[in-house]
Amino acid sequence: MFHLIEKYRKPSQFLLGCIALSFVGFSAVSLTSLGSGNYIVQIGEKTITREDLDRALHNTRNSGGSGSREEVFQALLNQAYLLEGAKKMGVAVSDEQIKQMIVDDPNFHDQNGDFSPQIFRNFLQSNRMSEEQYTDRLRDQYLTFALQKIFANGSIPDTQVAQFARSVAAARTIRLAVADENAFADKVMVNDAELQKFYRANQKAYRQQQAVKYQYLLLSPKILAERENVSDAEIDEIFKQQQDKLKPTRRVSMIMVPIPVKGGDAAKAAARAEAEAAAQAAKAAPEQFAAIAQRFSKDGSAAKGGDIGDISQNGTLEKPLEDAVFALNKGEVSALIEGSFGYYVFQVNDILDNSPAAVKQRIAQDLKEKKAVQSLKKLREDLGDYVINNSSELESAAKKFGVPLQSGGDWLTRAGAAEQKLPEAVIEALFGSDVFDKKHNSDPISAADGSVWVLRASETRPEAQLSFEQAKEQVKADYIRSESRRLATEHNKKLLAELQAGKQPALNWTNPQPVMPEQLRGMMPPADYLAIMKAQPKDGKPAYALLQGTGMPQLVEVQSLSEVKPNAEESAAIKEQLAVIQGNTLIEAYLQKLRQEIPAKQGRQKLEDQ
């Protein structure tokens with residue numbers, strides 16, 4: 001796929017996702033022929049059984065899908081209607097054609113490239129499928145996609161290609177007007193009757209969450225390292241091997257967008273534009289560098305927020321990149337730099353002290369921590385035996401092993417524990433039967449960072465429904481917030497109508513700024529993103545949209561779109577995608593017609609287990 005589509009694949013996929021028709025699970029199974037009522041539903045001559053549904057759900061999840069049982073069932077229902085529709089349209093495939101498909105499938109060829117009956121039989125056996133079942137599945141698959149191909153075969157005019165490219169690829173110049181929450185909060189009338197009505201409608205939100213107050217012992221190599229001793233000889237031996245550590249060294253994060261190997265100047269320009277968007281975002285918000293790297297960087301370090309560790313001034317990086325890194329102060333973000341393989345943006349997280357004394361101090365600490373790892377293994381065993389034999393308190397264990405007894409603070413819920421980023425195993429133990437219910441000491445728990453925890457609940461609080469009186473203050477705050485947003489939305493809808501009519505109501509607009517679609521997609525909910533994408537300025541006049549996805553509603557003015565001119569290859573790729581969108585729309589309309597013409601007969605089986 002060409003760079004324009006590659007770069008904006010996700011926005012175009014989002015537009016595809018707006019089509020109501022879902023093809024999740026299509027061709028995952030072959031539907032059975034007429035039965036004797038032992039099915040969930042029958043469409044024409046096709047039935048959907050629980051076995052069909054279970055197999056489709058299994059196949060969908062195995063292939064990385066996440067559709068619910070209801071969604072997969074609806075997809076099978078659509079498939080059944082389309083198979084009947086294919087019959088009505090005279091679309092058919094013969095047994096000979098099916099056999100030829102099997103013979104031509106390279107998955108069933110031997111090392112000489114010839115069809116192997118034995119390989120085919122092994123395939124059927126490993127998938128617990130008869131030859132008839134497999135040919136039925138192939139036939140259903142062929143008919144379903146043949147029908148899709150028919151509907152997606154319409155011509156796409158060049159004007160539509162240009163419009164699509166502009167909508168998903170063009171930079172927008174926008175400005176925002178945000179409603180003042182306090183102005184609407186003052187207009188909310190509050191009384192007990194309305195609050196009680198709101199409480200009843202949202203009762204699930206006012207539950208006292210399960211919570212715990214706890215004590216804990218924490219062992220880690222860093223903590224235990226203070227008990228270890230290392231000699232000068234040990235330090236000097238390693239110091240001799242690490243002379244590079246004496247060179248200037250910085251702890252660095254980066255954003256990297258590779259220069260495309262194919263696609264020529266157009267592809268390179270698109271990659272540079274994406275990298276420039278990342279550089280602008282990082283310059284504007286250096287404290288958000290990690291999140292920006294996760295969104296933009298195509299390097300393996302993106303998962304770690306761009307962190308590439310310590311870089312010494314020793315030629316590890318090519319010179320233009322190294323020069324840029326070592327010209328920065330701590331916390332600064334570089335300009336966009338072009339390297340041999342891509343476009344780079346760097347941030348210096350720390351500047352290391354590389355004096356001989358500082359390097360030896362770090363070596364000593366590393367040696368202590370390595371020794372502490374070995375000590376921790378033995379200590380963990382001894383501590384585990386002790387806390388199990390003395391399961392009703394932790395004070396004596398803290399004294400015996402010289403480990404401080406610490407407190408977890410105020411009430412802690414599961415959500416609060418996750419926000420504090422406690423290890424998952426620690427959270428499970430805190431709310432497990434032994435610690436939470438029985439108030440016993442936990443077994444020693446090993447975390448991913450090498451630390452070991454022992455836990456004890458000092459107080460526990462069960463989950464319970466709060467009464468209106470208990471939750472009244474929170475209900476009141478939530479009600480005012482909800483009503484404020486409702487009033488603000490109604491007000492902004494009126495303002496939007498005025499703006500779209502060419503009027504200019506007094507609004508507190510932000511300064512205009514250019515944004516790329518990829519930036520917008522990462523910044524806001526899908527509905528708001530789509531609202532902005534649909535706002536298309538015409539004849540030099542701005543377009544407007546109302547954003548409601550987060551916080552108070554906002555009005556957005558799209559002042560202009562940059563020019564995007566896809567080349568011939570890119571235009572062909574866009575036409576292919578538009579044909580799919582157009583085909584899905586037509587298929588959805590055809591499905592509505594089929595649902596009216598073909599009755600659905602309910603069988604004895606149910607969608608869910610009874």
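**Exercise 1. Find the edges of the S7-S6-S9-S8 sheet.**

In this sheet of 4 strands, which is open and has antiparallel pairing, the order is S7-S6-S9-S8. The model is a predicted one. Work out which strands stand at the edges and what that leaves open.

Solution.
- Step 1. Take the two ends of the order, S7 and S8.
- Step 2. Strand S7 (307-312) and strand S8 (337-338) each have a single partner strand, so one side of each is left without a neighbour in the sheet.
- Step 3. Look at one edge pairing. Strand S6 (residues 249-258) is joined to S7 by 5 bridges, and the two run antiparallel.
- Step 4. Pick out one bridge there: Arg251 has Asp310 in S7 as its partner.

**Exercise 2. Place the helices against that sheet.**

Which strands does helix H13 touch, and which strands does helix H14 lie across?

Solution.
- Step 1. Helix H13 (residues 264-284) packs on the sheet and touches S6, S8 and strand S9 (342-351).
- Step 2. Check its direction. H13 makes about 25° with S9.
- Step 3. Turn to helix H14 (residues 289-296). H14 lies across S6 and S9. Its run is at about 30° to S6.

**Exercise 3. Read the S15-S3-S17-S16 sheet.**

Find the edge strands of the open sheet ordered S15-S3-S17-S16, then trace the pairings of S17.

Solution.
- Step 1. This sheet has 4 strands, and its pairing is antiparallel.
- Step 2. Strand S15 (513-515) and S16 have a single partner strand each; they stand at the edges, so each has one side without a neighbour in the sheet.
- Step 3. Add the twist. From one strand to the next, the average is 40°.
- Step 4. Follow S17 to S3. Strand S3 (residues 172-178) is joined to S17 by 7 bridges, in antiparallel fashion. Ala177 faces Leu555 in S17. Thr173 stands opposite Ser560 in S17.
- Step 5. Follow S17 to S16. Strand S16 (residues 543-547) pairs with S17 over 5 bridges, again antiparallel. Tyr544 has Glu557 in S17 as its bridge partner.
- Step 6. Look at the turn. S16 and S17 make a hairpin with 6 residues between them. In that turn, Gly551 has a positive phi of about 60°.

**Exercise 4. Decide how covered S17 is.**

Is strand S17 mostly covered or mostly uncovered? Which helices pack on its sheet?

Solution.
- Step 1. Strand S17 (residues 554-561) has 8 residues, and 6 of them are buried. That is mostly covered.
- Step 2. H21 packs on the sheet and touches S16 and S17. Its direction makes about 170° with that of S16.
- Step 3. Helix H23 (residues 526-534) also packs on the sheet, touching S3, S16 and S17. For H23 too, the direction makes about 170° with that of S16.

**Exercise 5. Describe how H6 meets H7.**

Give the angle between H6 and H7, then name residues in contact.

Solution.
- Step 1. Start with the general rule: two packed helices are described by the angle between their axes and the distance between the axes.
- Step 2. Helix H7 spans residues 131-151. The axes of H6 and H7 come within 10 Å and cross at roughly 90°.
- Step 3. Angles of 65 to 115 degrees count as roughly perpendicular. H6 is therefore roughly perpendicular to H7.
- Step 4. From H6, Phe120, Phe123 and Leu124 meet Glu131, Tyr134 and Arg137 in H7.

**Exercise 6. Classify two aromatic pairs.**

The structure holds 15 aromatic pairs. Are Phe108-Phe120 and Tyr199-Phe468 stacked or edge-to-face?

Solution.
- Step 1. Phe108 and Phe120 lie 5.0 Å apart, centre to centre, with 70° between the planes. The cut-off for edge-to-face is over 60 degrees. This pair is edge-to-face.
- Step 2. Phe108 is in the loop between helix H5 (95-104) and helix H6 (117-126), while Phe120 is in H6. Both residues are buried.
- Step 3. The ring centres of Tyr199 and Phe468 are 5.7 Å apart and the planes stand at 70°, so this pair is edge-to-face.
- Step 4. Tyr199 sits in helix H10 (residues 192-201) and Phe468 in helix H21 (residues 468-500), 269 residues apart. Tyr199 and Phe468 are both buried.
- Step 5. Look for a cluster. Ring pairs link Phe108, Phe115, Phe120, Phe123 and Tyr134.

**Exercise 7. Find charges over rings.**

Which rings lie under Lys360 and Arg461?

Solution.
- Step 1. Lys360 lies over the face of Phe239, 5.0 Å from the ring centre.
- Step 2. Arg461 has its charged end over the ring of Trp411, at 5.3 Å from the centre.

Terms used: Residues numbered from 1 in each chain as written. Predicted model: local features only at pLDDT ≥ 70, side-chain atom pairs only at ≥ 80, totals over all residues. Heavy atoms only, no water. Phe/Tyr/Trp six-rings, centres within 6.5 Å; stacked < 30°, edge-to-face > 60°. Buried < 20%, exposed > 50% of the residue type's maximum accessible area, 1.4 Å probe, protein only. Lys NZ or Arg CZ within 6 Å of the ring centre and 35° of its normal. Pairing = 2+ DSSP bridges. Axes fitted to C-alpha atoms, helices over the stretch in contact; angles between N-to-C directions. Parallel < 35°, antiparallel > 145°, perpendicular 65-115°, else oblique. Contact = heavy atoms within 4.5 Å.
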